[in-house]
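Trainee: I've just opened this one and don't know my way around yet. Could you walk me through it?

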Amino acid sequence: MTLLLAGDIGGTKTILRLVEASDKHLSRTIYEERYRSGDFPDLVPIVQQFLLKANTPTPQKACFAIAGPIVKNTAKLTNLAWFLDIERLQQDLGIAQVSLINDFAAVGYGVLGLDKQDFLTLQPGKPNLEAPIAIIGAGTGLGQGFLIKQGNSYHIFPSEGGHADFAPRTELEFQLLKYLLDKHDIQRVSVERVVSGMGVVAIYQFLRDRKIGTESPEIAQVVRTWEQEAGRQEKSVDPGAVIGKAALEKSDRLSEQTMQLFVEAYAAEAGNLALKLLPYGGLYVAGGIAPKILPLIQQDRFLLNFTQKGRMRSLLEDIPVHIILNQQVGLIGAAIAAARL
C-alpha cells in the first residue's frame, strides 16, 4: 500500500486528506482535516501540523490542487499571499514526490473517481466511452476543462473558457450585457461575470436597477451590506446564497427572476462547451452552486437552454449531462493525481 497526501488549497480554506492506494487505485481514507488558510503564513506549517496530528508515517506522494495557475512547478494563490514551489515543498515536508495542479484540473481527475451516488444524471444521452468528457463548474468563478481518452486512461486538460465572451441571446440578456459594460466601464464581459456566484448578484442588481423586479426588504438589506463591503477580502454576508435560497422557497419574486436568468445562461454556456468538444463521454456540471439549486437545475429550463442550438440540437440531446453532488470531487481528484505520480 502507498500512503498519499491530497490537498484542496483555496484562499479561504485548506482541506487535507491522507489516503491509502494500491496499484494506483484509491482504497480508503486514513485521516482528513480542514483549516482556515488565512491563519497560516504558508502551506508547509499546515501540512506539518496535519501529519503530526494524523500520527502516520510520512506519505510517499502528495498532490495539492491550487486555486490559481501553475507555472513552471510553482503557484501563487489567487486570493492569498502564498507562493508554492514543488522543490521547496518536497524538501521542507520530506515527501519524495509532490505535484501541484490547478483546482479545476483536480475536478477533472475527480470525475474519474466518482461513484453513482456522487452525481445526478440530468440527461442520459447516448454515452460513448471513447469520446471526450467535459466539465464546467460555477462557483466563485467559472471553471471549464475536458478529458481525452488515451489508451486505458484519460489525460486531463484545464481551460480558461470561463473568460470567453458572454454571448447574450435574448433582449433581456442584451440589456444585461449593456448594464455590465456601463456599470464597470469595461470593453467586454466574460461569461464568468454572469455564470458564477458574483454573476448571481450582478443579475439581481441588473433586474433591480432596471425596475424589472421589486426587492423585498430582507434581501435588499443583504445586498446593500455586500455592496458596502466591496473590496474587502472577507464579507459578512453571501447575497448569492440568500438569493438562491429565496428562489427555491419561492419567497421572493426578484430572486426567482434572478435565478431563472442565471440557470438559462449557465445552461447556454454548458451547451457552448458541448458544441466545441462533443463530449459523448459525458458533460459534468461541477462547482458549488449547482447542488445548492438542484431543483432549479432539474426543471426543464436547463436542458431546454442547453440543447437550444438550432440545427445542432439533436447532437446535444445525445450528450449525457450529469450534476456532481459530491463537493469533495477536487480532493478526490488530487488523490488520484497523487497516485499517478
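**Finding our way around**

Mentor: Sure, and keep in mind that this is a predicted model. Let's start with lysine 211, which sits in the loop between helix H5 (197–209) and helix H6 (217–228).

Trainee: Is lysine 211 buried or exposed?

Mentor: The cut-off for calling a residue exposed is over 50% relative accessible area. Lysine 211 has 71%. Therefore lysine 211 counts as exposed.

Trainee: And what is phi of lysine 211 near?

Mentor: Lysine 211 is a residue other than glycine, and its phi is positive. Asparagine 73, in the loop between strand S5 (70–71) and strand S6 (74–76), has a positive phi too, near 65°. For lysine 211, phi is near 60°.

Trainee: Okay, on to serine 255. Is serine 255 buried or exposed?

Mentor: Serine 255 has its place in helix H8. Leaving aside neighbours within four places in sequence, it is in contact with Tyr204, Ile219, Ile243, Ala246 and Ala247. Buried means under 20% relative accessible area, and serine 255 is at 0%, so it counts as buried.

Trainee: Which helix gives the most to the largest nonpolar core?

Mentor: That core has 52 residues, and Phe306 is one of those with the most contacts inside it. Leaving out residues up to four places away in sequence, phenylalanine 306 touches Ala267, Ala270, Gly271 and Ala274, among others. The helix that gives the most to this core, with eleven residues, is helix H8 (residues 253–277).

Trainee: How many residues does the other core have?

Mentor: It lies apart from the largest one. Its members include Ile15, Ala106, Leu114 and Ile332. The number of residues in it is 33.

Trainee: Now the open sheet of six strands: which are its edge strands?

Mentor: The strands come in the order S9-S14-S13-S10-S11-S12, with mixed pairing. An edge strand here pairs on one side only. That gives strand S9 (119–123) and strand S12 (153–159).

Trainee: Which residue in S14 stands opposite valine 285?

Mentor: Strand S13 (residues 283–286) and strand S14 (residues 321–324) run parallel, and three bridges join them. Opposite valine 285 stands isoleucine 323.

Trainee: Last one: what angle does the direction of helix H11 make with that of S9?

Mentor: Helix H11 (residues 300–307) packs on the sheet, touching S9, S13 and S14. Helix H3 (residues 103–111) packs on the sheet as well, and its direction makes about 130° with that of S10. For helix H11 and S9, the angle is about 60°.

Definitions and conventions: Residues are numbered from 1 along each chain as its sequence is written. This is a predicted model: local features need pLDDT of at least 70, side-chain atom pairs count only at pLDDT 80 or more; totals for chains, interfaces and linings use all residues. Side-chain values use heavy atoms; hydrogens and water are left out. A nonpolar core is a set of buried Ala, Val, Leu, Ile, Met, Phe, Trp, Tyr and Cys residues joined through side-chain atoms within 4.5 Å. Buried means under 20% relative accessible area, exposed over 50%, partly exposed in between (1.4 Å probe, protein chains only). Helices (H or I, at least four residues) and strands (E, at least two) are DSSP runs, numbered from the N terminus. Contact means heavy atoms within 4.5 Å. Two strands pair if DSSP finds at least two bridges between them. Axes are lines fitted to C-alpha atoms, for helices over the stretch in contact, and angles run from 0 to 180 degrees between N-to-C directions.
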